[in-house]
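Dear colleague,

Please find below the structure that I am handing over to you, followed by an account of its aromatic contacts. I should be grateful if you would read the two side by side.

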Amino acid sequence: MVLISSSAPSNCQNCRYVSRSLLGTCQLSELAMLSDSKVSQYYQRGQIIFQHGNRPAGLYCIHQGRVKVSKLSSDGKEQILSLRKEGDVLGFQPLCTGGLYDATAVALTDCVVCLVPRPDFYSLLEQNSRFSHALMRRLSEVLSATQQQVLHTAYKPVRERLAEALVLLYHFFRPETPAPFSIPISRDDLAALTSTAKETASRLLSELRDEGLVATQGSRIMVLDLPRLQKMCAPQE
């Protein structure tokens, strides 16, 4: 069950993330229109925000929390396609193509997500050229990231992919304050992000722990030596 949330500002103009969001291209009158029609929803960790095969309801804007977008391969294995956080938007690809969701979005942490109804999305697309151009850039970025992910899976050793995933997760979960933090990621999700088996991801993570690069406690990971991890996943000259 999805709950209506009151923690997001009722007026989109007052959202602290609007300037770095796709909606940052909107005029004040357009933000006022969206404020009247959007729905702010609360998702607990593990809840599905949208699911593969469903018809898109609109554009999702993350106000709080972390989200994974993933899909299942033909043999039933999950692969994480992207990670999204505050200020990011979700589900715009099928809105552009007129198709169904080809992936599933799940809350990695407790989340507050605002849903912009589909008619309002199309209104912005038709009337706001800045919004349309920014959306085209997002689509291009997604395509480029997907191509890069395919190449890495095909040619990078699993150990390098794991180091790359840990660096990505470090920056993804790093709080705004400089206090120490740990990464709340299950072994299943770590394997899905690395495109490998859970057993392989766990074994390699144990090796990195023994080498002093990371520490683990249950499903949480703390990065101890970020420069060494970055060096592991950097192109070798």
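Does F131 count as buried or exposed, given its relative accessibility? F131 has 0% relative accessibility and therefore counts as buried, the cut-off being under 20%. Please bear in mind throughout that this is a predicted model.

The ring pairs may be taken next. In total, six aromatic pairs were counted. One of them joins F121 and F131 in an edge-to-face arrangement, with 5.8 Å from centre to centre and 75° between the planes. F121 belongs to helix α3 (residues 118–127) and F131 to helix α4 (residues 129–155), so this contact ties together parts that lie 10 residues apart in sequence. F121 likewise has 0% relative accessibility and counts as buried.

A further pair is made by Y170 and F181: the ring centres are 5.2 Å apart and the planes meet at 40°, so the pair is classed as tilted. This contact links distant parts of the chain, since Y170 is in helix α5 (residues 158–173), whereas F181 is in the loop between α5 and β10 (183–184), 11 residues away. Both Y170 and F181 are buried.

Two other findings concern aromatic residues. F50, Y60 and Y101 together form one aromatic cluster. In addition, the ring of F172 has the charged end of R66 sitting over it, at 5.5 Å from the ring centre.

Yours sincerely

Notes: Residues numbered from 1 in each chain as written. Predicted model: local features only at pLDDT ≥ 70, side-chain atom pairs only at ≥ 80, totals over all residues. Heavy atoms only, no water. Phe/Tyr/Trp six-rings, centres within 6.5 Å; stacked < 30°, edge-to-face > 60°. Helix = DSSP H or I, 4+ residues; strand = E, 2+ residues; numbered from the N terminus. Buried < 20%, exposed > 50% of the residue type's maximum accessible area, 1.4 Å probe, protein only. Lys NZ or Arg CZ within 6 Å of the ring centre and 35° of its normal.
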